[in-house]
Amino acid sequence: MSGHGTPIPMISHPCGPLTGTAEVPGDKSISHRSLILGAMAVGETRISGLLEGEDVLDTAKAMRAFGAEVTDHGGGEWTVLGVGVGGFAEPGQVIDCGNSGTGVRLIMGAMATCPITATFTGDASLNKRPMARVTDPLALFGTQSVGRSGGRLPMTIVGAADPTPVRYEVPVPSAQVKSAVLLAGLNAPGKTVVIEKEATRDHSERMLAGFGAEITVEDTDEGRVITLTGRPELKPQVIAVPRDPSSAAFPVCAALITPGSDVLVPGIGLNPTRAGLFITLREMGADLTYENEREEGGEPVADLRAKYSPNMKGINVPPERAASMIDEYPVLSVMAANATGTTMMGGVKELRVKESDRIDAMARGLRANGVTVAEGDEWWSVEGLGIGNVPGGGTCESFLDHRIAMSFMILGMGAEKGVTVDDAGPIATSFPIFEPLMARLGAKLLRNNRSV
Ligand code: S3P
């Protein structure tokens, strides 16, 4: 529900060393999926470490509207009493997914093969984003949809009463589209096959297997071929959500550009389909190490240690790495500004259809703070000024995008003068404790000119 309130301007000033431990919240992707698959299982799923950001809370509300019993026990402990595959009830009200593309697209998939109708809406950002990428494959199951022009929300989905399984090659690298098709495939008799040319985050596949669905993944010449057998009885799970690498990115990057810093970010999910930023930062010369590597709840996890890294160099980020760090390009561009030389980021067309057009949003804000950025449709590059040489002093728009707002707050920490963002409100969608967590490490963030 972000973006509905009064804008919250925030300024980030250069600060002394960042030190201590940053316990970032649970993974957003895994949190959404835990609630949705929990709602589709028979019995009670127990979740710990759920991200209690606005995006995920909107998904919890939606699952209640479809008939699941979702209970918040406090401290990140939640239970979901599921209604079984195909058991969703017709909601009595419009489903408002707030700012969340993941929420709306996955839920559309989950209800698309149930004999019910639901209407979806979101905030001003979500209502601009393309939904045809999901409703096109859902139509193959027999699902109907009517939305605004260009396939935008608000949109009504009429679930297929007699769904047929599908074979679908995902045309854009999108885990949301892949997951929507797999969730719809759960209630279609027979085998649904999804093919992706580039591997995207695989939390849905892992979690579906964990809930007892019959699912296989094969790497072939065609790409990753995922085959799901429909109409399983999903068994409730006990899920410990790992901490979000996309949120960890912010304290890690802040430490890399703030003199004298040494920050530990424990328990971070390092699924290879998500860890591209950390590989890239190391290639740039960041002092970033993995400690205590382990496996938790079927996902690789480690504690990250980030230390001040004054000698980072610009690199050419391989386009084939894009899917594994797609949400991290905004903060990477801040690191690029603090490195020496040019950082080139190609193969990133998808950045243009996120919560905002992230290339445009970052380019504007970086330029307003003295950084040179070049851009094309599918690429952008940043001219590094070297550590501590970003002039700063500018005001940036966050465009209802949490990651844009947080990235500019990190920019301010390493700049000569503070950096202002016009509205930090959207940060609550994914990282509700961002301000106190950063402040405890030593960051100087001022909200409406008051220290947090
Ligand atoms: C997500 C997939 C990605 C990512 C988003 C979360 C998911 O979106 O940007 O933040 O949980 O499946 P796309 O599927 O649009 O790439």
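In this predicted model, V373 has V382 as its bridge partner in strand 21. That pair belongs to the link between strand 20 and strand 21 (residues 380-385), where 3 bridges join the two strands and the direction is antiparallel.

Let us step back to the sheet around them. Strands 18, 19, 21 and 20 form an open sheet of 4 strands, in the order 18-19-21-20, and the pairing is mixed. Its edges are strand 18 (316-317) and strand 20 (373-375), each of which pairs on one side only. Helix 10 (residues 358-368) lies across strand 20 and strand 21, and runs at about 155 degrees to strand 20.

A good residue to visit here is T343, which has its place in strand 19 (residues 340-345). Is T343 buried or exposed? T343 is buried, because its relative accessible area is 0%, and the cut-off for buried is under 20%. Leaving aside residues up to four places away in sequence, T343 touches M284, G314, I315, V317, A336, W380, S381 and V382. V382 thus appears again, as a contact of T343 and as the bridge partner of V373. One of these contacts, I315, also has its backbone nitrogen 3.5 Å from a polar atom of the T343 side chain.

**Strand 15 and its partners**

Next comes strand 15 (residues 262-269), which is mostly covered, with 7 of its 8 residues buried. Strand 2 (residues 19-21) is joined to strand 15 by 3 bridges, and these two strands run parallel. Within that pairing, G20 has V263 of strand 15 as its bridge partner. Strand 15 is also joined to strand 17 (residues 299-307), here by 6 bridges and in an antiparallel direction. In this pairing I268 stands opposite A302 of strand 17.

**Another open sheet**

A further open sheet of 4 strands has the order 4-5-3-14, and its pairing is mixed. Strand 4 (69-74) and strand 14 (238-240) are the edge strands, each pairing on one side only. From one strand to the next, the twist averages 15 degrees. Strand 4 pairs with strand 5 (residues 77-83) in the antiparallel sense, over 5 bridges. There, T71 finds its bridge partner in T79 of strand 5.

**Two helices side by side in a table**

Helix 1 and helix 7 can be read in parallel, one row for each.

| Helix | Residues | Expected span | Distance between end C-alpha atoms |
|---|---|---|---|
| Helix 1 | 28-40, 13 residues | 18 Å | 19 Å |
| Helix 7 | 245-257, 13 residues | 18 Å | 18 Å |

Why is 18 Å the expected span of helix 7? The figure comes from allowing 1.5 Å a residue for its 13 residues, and the 18 Å between its end C-alpha atoms agrees. For helix 1, the 19 Å between the end C-alpha atoms agrees with the expected 18 Å too.

The surroundings of each helix can be described as well. In helix 1, 13 of the 13 residues are buried, so the helix is largely enclosed by the rest of the structure. Helix 7 likewise has 13 of its 13 residues buried, so helix 7 is largely enclosed by the rest of the structure. Their starts are worth a look in the 3D view. At the start of helix 1, a side-chain oxygen of D27 reaches to within 2.9 Å of the backbone nitrogen of S29. At the start of helix 7, a side-chain oxygen of D244 comes to within 2.8 Å of the backbone nitrogen of S246.

**A residue in helix 5**

L183 is found in helix 5 (residues 175-185). With a relative accessible area of 6%, L183 is buried. Which residues does L183 touch, not counting those up to four places away in sequence? They are I36, L37, M40, L106, G109 and A110. For a sense of distance, L183 and K444 are 261 residues apart in sequence, and their C-alpha atoms are 43 Å apart in space.

**The two domains**

Finally, the domain assignment of the protein gives domain 1 (10-26 + 243-451) and domain 2 (28-229). Where they meet, the contact takes 24 residues from domain 1 and 25 residues from domain 2. The C-alpha centres of domain 1 and domain 2 lie 29 Å apart.

Technical notes
Residues are numbered from 1 along each chain as its sequence is written. This is a predicted model: local features need pLDDT of at least 70, side-chain atom pairs count only at pLDDT 80 or more; totals for chains, interfaces and linings use all residues. Side-chain values use heavy atoms; hydrogens and water are left out. Two strands pair if DSSP finds at least two bridges between them. Contact means heavy atoms within 4.5 Å. Axes are lines fitted to C-alpha atoms, for helices over the stretch in contact, and angles run from 0 to 180 degrees between N-to-C directions. The expected span of a helix is 1.5 Å times one less than its number of residues. Buried means under 20% relative accessible area, exposed over 50%, partly exposed in between (1.4 Å probe, protein chains only). A polar contact is a pair of N or O atoms within 3.5 Å; within protein, one must be able to donate a hydrogen and the other to accept it, and residues adjacent in sequence count only if both atoms are side-chain atoms. Domain bounds come from an automatic or database domain assignment.
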